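The following paragraphs go through one structure, beginning at a metal site and moving outward from there. Please keep the coordinates open while reading.

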Amino acid sequence: MDFSIKALTEISTLMAEEIGKQIEAERIQDLQALENGIRAMLKEVGQQTYQKVLESEDEKQGKQIECECGWRAQRISKRDAKLLTVFGWVSYRRSYYGCKRCGQKQNRLDREWGLHPGGVSPVMGKLLAIAGVDIAFEKARRKLKEFLLVEVSDNTIRKQTQQMGQRQAQCEAEWIEASQNETWLQKRERTIVEGPERLYGSLDGAQVPIGEEWRELKCLSWYRVAPLYGQTRLKAQSMSYHCEIAPAQDFGRLLWATGVRRLADKAKELIFVCDGAAWIWNLVTHYFPQAIQIVDWYHACEYLTPIAEAIFPQDSDRTAWLQSVKEWLWQGQVQKVIQACQSYLHHPSASEAAQRAITYYTHNQHRMNYAEYRQKGYWIGSGTIESACKQIATARLKIAGARWTISGAIATAKARAAWLSDGNYFNTLAGVPSSA
Ligand SMILES: [Zn+2]
C-alpha cells in the first residue's frame, strides 16, 4: 500500500513526543517498557483509525439513500456497534435509514463492508483460527494476548477455528458431489490435458478422545516428492490434507473427490505409501486400481522391534539382530524376514509378536519390494514425519486433557488439515490473503 511518507512521519513524530513525556515522567525506563509503550500506542491508534474510517464512510452516504424498492430512505438514527479486530474491540456508530414506502429499516455500512456487529473481523478471525489449529485453545488465548495485546476468550478462538473447519467441510462436500456426478466428470474429461508425472497418496487412522470414548479419525494426504530447492534431500511437497470421522466407505468418497482435484486418476504414476490396515488398501484398490501400493517403511520395521525386545536382553544383540533383518527388508527379501520371525514362533516370550509379524509380512509381501521401489526412485516413507494423522490427530487432538465433541473434533481437525496444506488454500478459506 502506498501511504504518504509525510503523513506517517507526522504520526510517528507525535508518538515520539508522547513517549518522550512518559520517559521524563519516569514511567518508561527501559527498552521493554519503551517497546511495549509503542505497541500499546499503535494498538490504540489502530482502534481509533478503524473507528474514524468506518464512521466517515458511513457519513459519506448522506442523509438519504436509495431503498431497494426504488424510493428514498431517510436517515432516522445512528446506532452503536462493535467489532473484534486485531487492535481489540472497535466501537463505531452508523446510520440507520427508514423507507416510508416499504417500511424497511436498514444500515448500509455493515452490508457494504461485510461487518458483523458484535462479531470478529475477517483478519482477526483468521489469526484466531491459525492460533487454534496448532495448540490448545487456552494456550492460544495466552499466546495471542502476548502477540496482539488483545484479550479474547478460549471460546472465541474455538469458534473461529471450527468455523474454518466447517468451511473446509463445505468445500469437501461440494467436491464429493461433483466427483460423483457423471456429467461433471465427462466435462472434466474433455478439459484435462495431462496429469502429474508422479503423485503420492497416504492414508492412516488415529484414535481421538470423543467424550468418554475413542473414535478413529481417518486422514489422507496427497503430495509430490522432490528435492528442496538447492538440496539433494527428498521432501514431500504440495501437500494437501483431509480428514474425517466416518466409516471407511464414506471416507472413500473423500479420497476419490480429493484425488480427482489432484488429478490422481490422471497421474502417470500414482503411488500410495501407507500402513498395512486392511480398510486402507481396500479403498485404494477400489478407487485407484492402477496405483502402486507400498507399505510405509516405518510401519514395515515396526513389527520387528517387539520380537527383538522379547529375545535379546542386551542392547547390542538387539540392535545387531534388528540391523540384519532390516537389511533384508531393505533389499526386498521379505521371505527371509518371515523365516527369521518363524524361528521365534515357539520362543516363550516372542511367539506372539513373531506371529503378528509373520501375518503382517505375509499379507503385505507384494507391497514391500523395497529394492525395486528404491531403484525406481519411489519414496517409501522416512518414518512418522509425513504421516497425515501424526500431523493432524496426534499433534492437535490428542493433547493432554483434551476432550472433544464429535463435531468439534472434526471441525478442528479439518481446520488444521487446511492450514497444513500447501499453497494458498487456507487463505482462500479464510477469505483473507496472506499478509505481505
Ligand atoms: Zn423502500
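This is a predicted model, and the zinc site is a convenient place to start. The 4 donor atoms around the zinc ion subtend angles of 103 to 120 degrees, so the arrangement is tetrahedral; the criterion is that all angles lie between 85 and 135 degrees. For reference, ideal angles at a metal are 109.5 degrees for four tetrahedral donors.

The protein donors are the SG atoms of Cys67, Cys69, Cys99 and Cys102, lying 2.3 Å from the zinc ion. Along the chain these donors follow the spacing C-x1-C-x29-C-x2-C. Cys67 lies in the loop between β1 and β2, while Cys99 belongs to strand β3 (residues 88-99), so this pair ties together parts that are 32 residues apart in sequence. Cys67 has a relative accessible area of 4% and is therefore buried. Cys99 is buried as well, because its relative accessible area is 5%, and the cut-off for buried is under 20%.

The strands just named belong to a sheet. This sheet is open, has 4 strands in the order β1-β2-β3-β4, and its pairing is antiparallel. Its edge strands are β1 (64-66) and β4 (105-106), each of which pairs on one side only. Between β1 and strand β2 (residues 72-85) there are 3 bridges in the antiparallel sense. Within this region, Glu66 stands opposite Arg72 in β2.

Another antiparallel pair is found further along the chain. Strand β6 (residues 213-227) and strand β7 (residues 234-244) run antiparallel and are joined by 9 bridges. Ala226 has Lys235 in β7 as its bridge partner. The hairpin of β6 and β7 has 6 residues between the strands, and Gly230 in this hairpin takes a positive phi near 75 degrees.

The last stop is a helical residue. Asp154 is found in helix α6, which covers residues 154-179. Is Asp154 buried or partly exposed? Its relative accessible area is 25%, so Asp154 is partly exposed. Leaving aside residues up to four places away in sequence, Asp154 touches Phe137, Glu138 and Arg141. For one of these, Glu138, the C-alpha atom is separated from that of Asp154 by 5.3 Å, although the two residues are 16 residues apart along the chain. With Arg141 there is a polar contact between side chains, at 2.9 Å.

Note on methods: Residues numbered from 1 in each chain as written. Predicted model: local features only at pLDDT ≥ 70, side-chain atom pairs only at ≥ 80, totals over all residues. Heavy atoms only, no water. Pairing = 2+ DSSP bridges. Helix = DSSP H or I, 4+ residues; strand = E, 2+ residues; numbered from the N terminus. Donors = N, O, S within 2.8 Å, 3.2 Å for Na, K, Ca; no water. Tetrahedral: all angles 85-135°; square planar, octahedral: opposite > 155°, others 65-115°. Buried < 20%, exposed > 50% of the residue type's maximum accessible area, 1.4 Å probe, protein only. Contact = heavy atoms within 4.5 Å. Polar contact = N/O pair within 3.5 Å; in protein donor to acceptor, adjacent residues only side chain to side chain.
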